[in-house]
Each structure stands twice: as structure tokens, then as C-alpha cells.
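Student: I would like to learn how to read a ligand site, a small sheet and internal cavities from coordinates. Can we take them in turn?

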Amino acid sequence: MSTGTETGAAAAGLRGVVAAQSAIGDVNGEEGILIYQGYNIHDLAEHSTFEEVIFLLWNGRLPVRRELDELNSELRANYDAPAQVIEMMRAFPADADPMDVLRTAVSSLDFYDKGGHGTDRDSAMRAAIKLTGQIGTIAAAWDRIRGGKDVVAPDKSLSIAENFLYMLRGERPDADEARMFDVCLILHADHELNASTFTTRVVAGTLAGMYGAVTAGIAALAGPLHGGANTNVMKMLIEIDDPARIDEWVDQALAEKRKIMGIGHAVYRTEDPRATWLRRYSRQMAERKGESKWFDMSQRIEQLMNEKKGMFPNVDFYSASTYYLMGIPLDLYTPIFAVSRVSGWTGHILEQYANNKLIRPRAEYIGKRDQRYVPIDERQA
Ligand code: COA
């Protein structure tokens, strides 16, 4: 790990630079280990629920029963998005990208939370609960609105995972699918100082409010090199379409120096432990739906990229085919990432506020010096 003193090219993309201290999550890229507050992701995926993980990320320990019940009722009491926000969304163009809609709508939630700018723990925690409760409602409502369907009101008897699928489809998922989706939310909840989380900490470090910081996180997550990769994985699979074309398609992409979406990682040098779960889920969905094509194609791409480049799938690779067979529209995969990651973002923002220092690094200047001002009419083209 770096001391943080590298400059310019040596620290391109800030790789290896330690830019914050955090007790929330840690990625061991060499061994493929991800922990949240000391708990291995496999242990949490096996036994926990998304709501328990939210408590863990925000409080540094697992809740006792009473605390989990309290958090559940607070989150559920905040499932409803302000009616004005839903009305505003009705005026958006139907072809607006769901991540752009989410970014804009989440930003506007600030207007309806009078204490939303507070950076003390109580105010920030209230905003974190509202955001975490409402973000899924907004993402699901947009899909209904753009499709000309009635918005489905949240069901406060349901978990975040179940409620999201319910609001999207108008019917409850079965227990297996609900559990699978809940684990997907657990797996995406935090990932140390990834691009969007770093963004939220930079914004929070100025003592701007929780809503602004999360809005910035959504903007960062949308990019294809970050959360946007999952949608692009599915687009790639649909574009290839024929399993017989995969080898040729991958060879051509590599020859043209195009990146295969969902493959590679800035930190992991081995299997991303989240991909282990999502590969399993992609296979399970294939069995449930009797359609193994997308899983088989994904496996072949994984194998080729491992053989040819020594690279591994990341969290986005198998989530694509998992969500596809759940019938979720392609462009909602990244908003779903946000529905989960809001827990990690808000955890990091709470941590930043608790021990704040403005984040203000330096740039290595590589431009000219000693230039003299020349009046505009005397300048050469
Ligand atoms: N497909 C093909 N080649 C890839 C690749 C991919 N998905 N990811 C990295 N590479 C290659 C690069 O072309 C580069 O090759 P070169 O040295 O011959 O130029 C080398 O591997 C290093 O790439 P670089 O982008 O510098 O690595 P990184 O560690 O900074 O990249 C990612 C990390 C995630 C940005 C990168 O792997 C990527 O773009 N993956 C696809 C997008 C994605 O899935 N993002 C979600 C991440 S969770």
C-alpha cells in the first residue's frame, strides 16, 4: 500500500493510494476477500439480510432483535417518496435514462427533508434512513411511469428487496427469488473506496449535506467503468446472441483493445467473492427458467478471459444474466446497484462527518510556466 505520496503517472487513477481511513469495509484484492465491519461477505450472504447489513454498515456491529425491528420500522415508514417527486418524474421524457432520473429525483428529496443538510449524527442518520427507504421506490416508480403504468405504492410489510420487486411488477416475488435478490443487495452494499463512495466522501468532506453527497455518488456509479457495467454486460450477451460466436467475438474485441464489460477489477487480482455468489445465482435462474443460454455464454467468456488475459469476472458480470432472467429491464440494473450501495455511501458519509477533514489533494502540474500575456490582436493563430 502506498504512503499516499506518489505523484502523477505513478499514481494514475490513484491506484494503491490510501486516501481515507475507514472501519466500514475492506477489500483484499490478492486473496479475494471482502469484509464489512469485520464480517466476511460469504458469511453475511449465507446468513444475513440486507437490513441487518445496513445496520452493520451504519453502526459497526450487528443489531440485536429490538434494534433490527426498530430499523425495519423506520425504513418502512420512509418507503413513500414525496408525492411531489413522483409528480415531477411524470414530466420527465419517457426515454430518460433511469440513472439520470434517479440522480435528479434523489437530489430533489432534499427539499422535503428540513433537517437534510445537518451533518450531526442524528440529522445525517435521519437522512440516511429516508434515502435508503425511498431510493427503491423512486427507481421502481420510474419504470412504471415510463411504461405508462400506475405507480405501485410500497408495501410496508415487505423487506427492501421484496418491496422493490413488488413495486416493479405489481406482484410479490416468491420466497426463493426474494432471498436471491436480498443477497444481491447484500453483495453490492459496500466496497471500500470505490469511485462512487470516494465521490460521496469528497462531497461530504466539504460538509455539504447527505442528499448532495448521495446524488454525486449516483452520478459516479452511472459510468460504464463502474456500476454501469452490469447493463453493458447484458447488452454484450444480447449482441453476441449466438454461443457459437463467442470465441470470435472475444478475439475481435481484444484485438480492437475493447474492454469486455464485467471483467477485470482495479483491486481484485483473483476471483471477486461477490462474483462467486452471482455465478451461482445466474446458474440457479437459468435452471428455474429453463434457459441456460446466458449463463453458458457468460461462463465461456469468463473462461476465455481467464485463459487469454488472466482476468476474472467482477460483481457486474453474472448479476447481468441473473437480473435478466428475473425479468428486470436492462437499464434498471445500475439503479438496483444504487438501491443497495446507498447503504454503503451513507455509512461512509456518516463516518466522514464524524471525523471530518476537507479532502483536497494536489495535482502534479505538467503544464507550461512563465507564459507572458499577449494582447488578443497581437496573437498568432
Ligand atoms: N477487458 C479487456 N481488457 C481489459 C479489461 C477488460 N474488461 N479490463 C482491463 N483490461 C486490460 C486493459 O486494456 C489494460 O491492458 P493493456 O495493459 O494492454 O493496456 C490492462 O488490462 C489494465 O487495464 P486498466 O483499465 O488499466 O486496469 P484497471 O485495473 O484500472 O481497470 C477496470 C479496472 C474495472 C476499470 C477495468 O478492468 C474495466 O474497465 N473493466 C470493464 C468494466 C467493468 O466491468 N467495470 C466494473 C468494475 S466492478
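Student: Which residue has a polar backbone atom 3.0 Å from a nitrogen atom of the ligand?

Tutor: Keep in mind that this is a predicted model. The residue is Leu225, whose polar backbone atom lies 3.0 Å from a ligand nitrogen. A second ligand nitrogen contact involves the backbone: an N or O atom of Ile263 is 2.8 Å from a nitrogen atom of the ligand.

Student: Which residue puts a polar side-chain atom 2.6 Å from an oxygen atom of the ligand?

Tutor: That is Lys259. As for cover, the ligand on its own has 860 Å² of accessible area, and the protein covers 68% of it.

Student: Which of the 21 residues around the ligand come nearest?

Tutor: Arg15, Lys259, Ile260, Gly262 and Ile263 do. By class, the shell holds ten nonpolar, five polar and six charged residues.

Student: Now the sheet. In what order do the three strands lie?

Tutor: The order is 1-2-3, in an open sheet with antiparallel pairing. To find the edges, look for strands that pair on one side only; here they are strand 1 (25-28) and strand 3 (39-40).

Student: How many bridges join strand 1 to strand 2?

Tutor: Four, with strand 2 spanning residues 33-36 and the two strands running antiparallel. To place the register, take Val27: its bridge partner in strand 2 is Leu34.

Student: How does one look for cavities?

Tutor: Rolling a probe the size of a water molecule over the atoms shows where empty space is left. In this model, two cavities of 30 Å³ or more are counted.

Student: What volume does the largest cavity have, and which residues line it?

Tutor: Its volume is about 60 Å³. The lining consists of Tyr79, Thr132, Gly133, Gly136, Thr137, Ile160, Asn163, Phe164, Met167 and Val339. Helix 6 (121-146) and helix 7 (160-169) are the elements that give two or more residues to this lining.

Student: How do the residues of that lining divide into nonpolar, polar and charged?

Tutor: For the largest cavity, five are nonpolar, five are polar and none is charged.

Student: What about the second largest cavity: how much space lies in it, and which residues line it?

Tutor: The second largest cavity holds about 30 Å³ of space. Pro98, Val101, Leu102, Ile138, Ala139, Trp142, Leu332 and Pro335 line it. Two or more of the residues in this lining come from each of helix 5 (98-109) and helix 6.

Student: How does the lining of the second largest cavity divide by class?

Tutor: Eight residues are nonpolar, with no polar and no charged residues in this lining.

Definitions and conventions: Residues numbered from 1 in each chain as written. Predicted model: local features only at pLDDT ≥ 70, side-chain atom pairs only at ≥ 80, totals over all residues. Heavy atoms only, no water. 1 Å grid on protein atoms, 1.4 Å probe; cavity = no way out; pocket = protein on both sides within 12 Å on 5 of 7 lines; lining within 4 Å. Points joined across faces, edges and corners; volume = space filled by probe spheres on them. Nonpolar A, V, L, I, M, F, W, Y, C, P; charged D, E, K, R; others polar. Near = heavy atom within 4 Å. Polar contact = N/O pair within 3.5 Å; in protein donor to acceptor, adjacent residues only side chain to side chain. Areas by Shrake-Rupley, 256 points an atom, 1.4 Å probe, with all protein chains shown as cover. Pairing = 2+ DSSP bridges.
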